[in-house]
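Here are my notes on the model you sent round. Have it open while you read, since I hop between a few spots.

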Amino acid sequence: MKVSKRIKAIVSLIEENGLLADIGCDHGYTCIEAVLGGKINRALACDVNVGPLQRAAENISALGLNDKIETVLSNGLVELSENPDVITITGMGGLLIRDILSKRPEMVMRTSQLVLGPHSEFEELRGYLNENGLRVISETVLKDQGKFYVLFDVRPRCAECGAEGVEDGAKCGVKRGAECGTEGRPEYGVELAAQGGIASVPVYEDSLSLKYGNKALQRDMDAYMDYLKHLYTKTEKALSNALKGKRNEKTIQLERELEELKELTNGSLYI
């Protein structure tokens, strides 16, 4: 089975050796790679459509992994009866990922890790994570077969003590390996606060980081800069085409985005 660079990157981020739920499993490759690589013990390959589940079941059976991977017909997390240790949701828009998470918030907050890979609406998803105690501890930008992908490594609770939120003004570590009782991650200037019993950890503190990502979270800065350059070139082309007509709200927005990208990279886009 040939596994793409994107799937390998998704699986490489998984840390918990327990139960994985892959939402929108398609061919089941993420579950298969995670099991074969020893990243997880069991997996639920989930999809809302029968067709992808059938393809996944065929691949799972061909590799003799029926005792490790179960296919589940589910609309997001809704039909899951077990609470997974890890949730992966990739290959769909940020708003859809947000909606999937928001339908089972209690399940999400009981997991150890989420790996999210939106292909659009990044700003909306980052905003949702920011506001709901879901800590993005890293972003990974990669290029596979000529296309850029962005992956979020998200931790809903303290990886050390298992706390599901911060209550009564208590403080808790926010990074695997951090000592519980600390005030968060000083390198990001993050301080935990109690909001409805869930820790609020705003790692995206301005409009640029919400839209394009936080530089401090990047695992591969070179890939991230290449991604920003790609966005600049794409936006510049869209503006050129739009300016063939009259200047309007669309052209103003595109001009604003070009300036944002210049600001984010300190003008170092080599263009």
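1. Leu 63 first: its relative accessible area is 39%, so it counts as partly exposed, falling between the 20% and 50% cut-offs. Bear in mind that this is a predicted model. As for location, Leu 63 sits in the loop that runs between helix H3 (50-62) and strand E3 (69-73).

2. Which residues join Leu 63 in a nonpolar surface patch? Met 1 and Leu 36 do, and the patch made by the three comes to about 290 Å².

3. On to helix H1 (residues 5-13), where the buried residues are Ile 7, Ala 9, Ile 10, Val 11 and Leu 13. Their cover includes helix H2 (29-36) as well as four strands: E4 (86-92), E5 (113-118), E6 (135-144) and E7 (147-155).

4. Helix H9 (residues 249-264) passes a simple length check. With 16 residues at 1.5 Å a residue, H9 should span 22 Å, and the C-alpha atoms at its ends are indeed 22 Å apart.

5. What is buried in H9? The list has Thr 251, Leu 254, Glu 257, Leu 258, Glu 260, Leu 261 and Leu 264, so do look at the two glutamates among the leucines. Helix H7 (207-212) and helix H8 (221-242) are included in what covers these buried residues. As a reminder, residues three or four places apart point the same way, because an α-helix has 3.6 residues a turn.

6. Both ends of H9 are worth a look. At the start, Asn 248 has a side-chain oxygen within 3.0 Å of the backbone nitrogen of Lys 250. Just after the helix, Asn 266 adopts a positive phi of about 55°.

How values were computed. Residues are numbered from 1 along each chain as its sequence is written. This is a predicted model: local features need pLDDT of at least 70, side-chain atom pairs count only at pLDDT 80 or more; totals for chains, interfaces and linings use all residues. Side-chain values use heavy atoms; hydrogens and water are left out. The expected span of a helix is 1.5 Å times one less than its number of residues. Buried means under 20% relative accessible area, exposed over 50%, partly exposed in between (1.4 Å probe, protein chains only). Contact means heavy atoms within 4.5 Å. A polar contact is a pair of N or O atoms within 3.5 Å; within protein, one must be able to donate a hydrogen and the other to accept it, and residues adjacent in sequence count only if both atoms are side-chain atoms. Patches are made of residues with over 30% relative accessible area and no salt bridge: like charges are joined within 9 Å, nonpolar side chains (Val, Leu, Ile, Met, Phe, Trp, Tyr) within 5 Å. Accessible areas come from the Shrake-Rupley method with a 1.4 Å probe; for residues, only the protein chains shown count as cover. A salt bridge is a side-chain nitrogen of Lys or Arg within 4 Å of a carboxyl oxygen of Asp or Glu.
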